[in-house]
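Me: I've got a structure open and I'd like to learn how to read it piece by piece. Can you walk me through it?

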Amino acid sequence: MRSLGLLGLFLVGCATPVDDSGATCEDCRGVATADTDDLPDAGVGEELDAGEGDGGPVTPPPPANLADTGLCTDTACTAIASGVVEFRPRWALWSDGASKRRWIALPPGTRIDTTDMDYWRYPTGTKLWKEFVRDGVRVETRYMVKTGSGDAAWSFVAYAWNAEQTIALPLPAGRANVLGTGHDIPSQETCLGCHENVKTRVLGFTAFQLDWNAPAPLADLDDALARGWLTKAPPGTVSPHLPLPGSAQVQATLGYLHANCGHCHNADSPLVNRPMFRLEAARISSVGITRTYQSSVNIPGTAFGGATIIAKPRDPDRSIIITRMNAADPKKRMPALGAETIDAAGRSLLRTWISNL
Ligand code: HEC
Ligand code: HEC
């Protein structure tokens, strides 16, 4: 009954025809998402194939609690273990307003093979963590560990915090709306929906994302170099080692798309015939040579919301990038995973970029 009611509301709310042109009324968005307990993996899977990669779900079972992964010395994780280094990517991934912290630990004496600046290769035993705080509460800490030498040999799992904030336990199946917040903890399969589309799996501890002057004690590219973690130094002596082309506004846009869209939309993912938003070291000498520009500006896409061009110069409302961010149907809305609310600041950045093309 309930879902029929919702369907009725959905149709009433969207008086305009609902076809591939996608109605964009606010009412529909609320109805379409408000009552679903599904984890936000709908909409992916047509082209992106989450869950079948080697290096997927953790087997054998993950460490019994977060402290046992090596992140911290106490179960409440009030003290970070020695050898664990905090970092922050230059451009943030929008996660419905959650604030996040991230850490990395390399096995002693090992280095990251940085021969290919676009795809760093991490030594076996590399560990990375990402903590999510929503409404002032630690909701989850995600953990990934390199289990073998292959690029795909990673295990992923989230640790869910208890309400008392005294311990975090593995939650491979994920859970929606944890600890009274709107935050959804992704299942192990859902992790792959984003991480599997970049062949070396790590999305934040990368050359482009570390190429800024992070406030101490956060590690950045120069710190990683100084620690002797990189087999090959990036070009130049100080950040930016990989300078982006264009004005500050264009650089912010390229960075935004890289961080929020490039993990699915890149030249190495199943979405290769779609727009490609991941930055590449060999394609930053001019704006026009970036994949972002070449695969979106004046490029036809699948008609949506009255738009037929991915980025139509000076016409954001007729650019599929924008109509897909505004889509009422969560299955069509971009980004396809990881957010239930629209990143208004990000959308405004993209609108400005398109308006100035
Ligand atoms: C919506 C896409 C998405 C999903 C789903 C996702 N991640 Fe991520 N993850 C990212 C992006 C993008 C980054 C880098 C940017 C950042 O940290 O904000 C990242 C960063 C991380 C990091 C820090 C290491 C790094 O890549 O720099 C860890 C650890 C991590 N994710 C683990 C997980 C685990 C475990 C899951 C599943 C429980 C998961 N992620 C699900 C997109 C995703
Ligand atoms: C979790 C993976 C994922 C992320 C993240 C993601 N997308 Fe997509 N995107 C897809 C998939 C899969 C499709 C194709 C299926 C479809 O049309 O829904 C797609 C399709 C698109 C299209 C339509 C392309 C065409 O040919 O018409 C646009 C435009 C787009 N995405 C923009 C974005 C933007 C902008 C972002 C970041 C704000 C983003 N996407 C983030 C998975 C993703």
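**Reading the fold, piece by piece**

Reply: Sure. Among contacts in the protein between residues at least 6 apart in sequence, 57% join residues at least 24 apart. Keep in mind that this is a predicted model.

Me: What does the overall inventory look like, and what percentage of the residues is buried?

Reply: You're looking at nine helices and eight strands. Of the 357 residues in the protein, 41% are buried.

Me: Let's do sheets. How do I read one, and what is the strand order here?

Reply: The general idea first: strands of a sheet pair through backbone hydrogen bonds, either parallel or antiparallel. Here, six strands make an open sheet in the order β1-β2-β3-β4-β5-β6, and the pairing is antiparallel. At the edges sit β1 (85-87) and β6 (168-170), each pairing on one side only. On average, neighbouring strands of this sheet are turned by 25° against each other, direction ignored.

Me: Can we zoom in on one pair? How many bridges join β3 to β4?

Reply: Eight bridges link β3 (residues 127-134) with β4 (residues 137-146), and the two run antiparallel. To get the register, take phenylalanine 132: its bridge partner in β4 is glutamate 140.

Me: And the side chains along a strand?

Reply: In a regular strand the side chains alternate between the two faces of the sheet.

Me: Which strand does β7 pair with, and how are the two connected?

Reply: β7 (300-304) is joined by two bridges to β8 (residues 307-309), again antiparallel. One of the partnerships puts phenylalanine 304 with alanine 307 in β8. The two strands form a hairpin with two residues between them, and glycine 305 in that turn has a positive phi of about 60°.

Me: Which residues other than glycine have a positive phi?

Reply: Two to look at are aspartate 96, with phi of about 55°, and leucine 179, with phi near 50°. Aspartate 96 lies in the loop between β1 and β2, while leucine 179 is in the loop between β6 and α3.

Me: Why does aspartate 96 count as partly exposed?

Reply: Because it has 17 other C-beta atoms within 10 Å, and buried would take 20 or more. Leucine 179 is partly exposed too, with 18 such atoms within 10 Å.

Me: While we're on backbone oddities, where are the cis peptide bonds?

Reply: Check omega. One cis bond joins alanine 216 and proline 217, with omega about 5°; proline 217 is in the loop between α4 and α5 (221-226). Another runs from serine 239 to proline 240, with omega near 0°, and proline 240 belongs to the loop between α5 and α6.

Me: Now helices. How do I read α6?

Reply: An α-helix has 3.6 residues a turn, so residues three or four places apart point the same way. In this model, α6 (residues 248-260) has 13 residues and reaches 18 Å from its first C-alpha to its last, close to the 18 Å expected at 1.5 Å a residue. Its buried residues include Thr253, Leu257 and Asn260. The buried residues of α6 pack against α4 (207-210), α7 (291-296) and α9.

Me: What does tryptophan 353 touch, leaving aside its neighbours within four places in sequence?

Reply: Tryptophan 353 contacts Gln249, Val250 and Thr253. The tryptophan is part of α9 (residues 344-355). In sequence, tryptophan 353 and glutamine 249 are 104 residues apart, yet C-alpha to C-alpha the gap is 7.2 Å. Tryptophan 353 counts as buried because 24 other C-beta atoms lie within 10 Å.

Me: Last topic: ligand shells. How many residues surround ligand 1, and which are closest?

Reply: There are 28, the closest being Arg142, Cys191, Cys194, Gly204 and Gly338. α3 makes the largest contribution, five residues, and β2 (99-105), β3, β4 and β5 (154-161) each supply at least two. By type, the shell splits into 18 nonpolar, six polar and four charged residues.

Me: And which residues come nearest to ligand 2?

Reply: Out of 27 around it, Cys261, Cys264, Gly301, Met334 and Pro335 come nearest. α8 gives the most, four residues, and α3 (188-195) and β7 each supply at least two. This shell has 15 nonpolar, seven polar and five charged residues.

Definitions and conventions. Residues numbered from 1 in each chain as written. Chains lettered and ligands numbered in written order. Predicted model: local features only at pLDDT ≥ 70, side-chain atom pairs only at ≥ 80, totals over all residues. Pairing = 2+ DSSP bridges. Axes fitted to C-alpha atoms, helices over the stretch in contact; angles between N-to-C directions. Near = placed C-beta within 6 Å. Nonpolar A, V, L, I, M, F, W, Y, C, P; charged D, E, K, R; others polar. Buried ≥ 20, exposed ≤ 12 C-beta atoms within 10 Å, placed from the backbone. Contact = placed C-beta atoms within 7 Å. Expected span 1.5 Å × (residues − 1).
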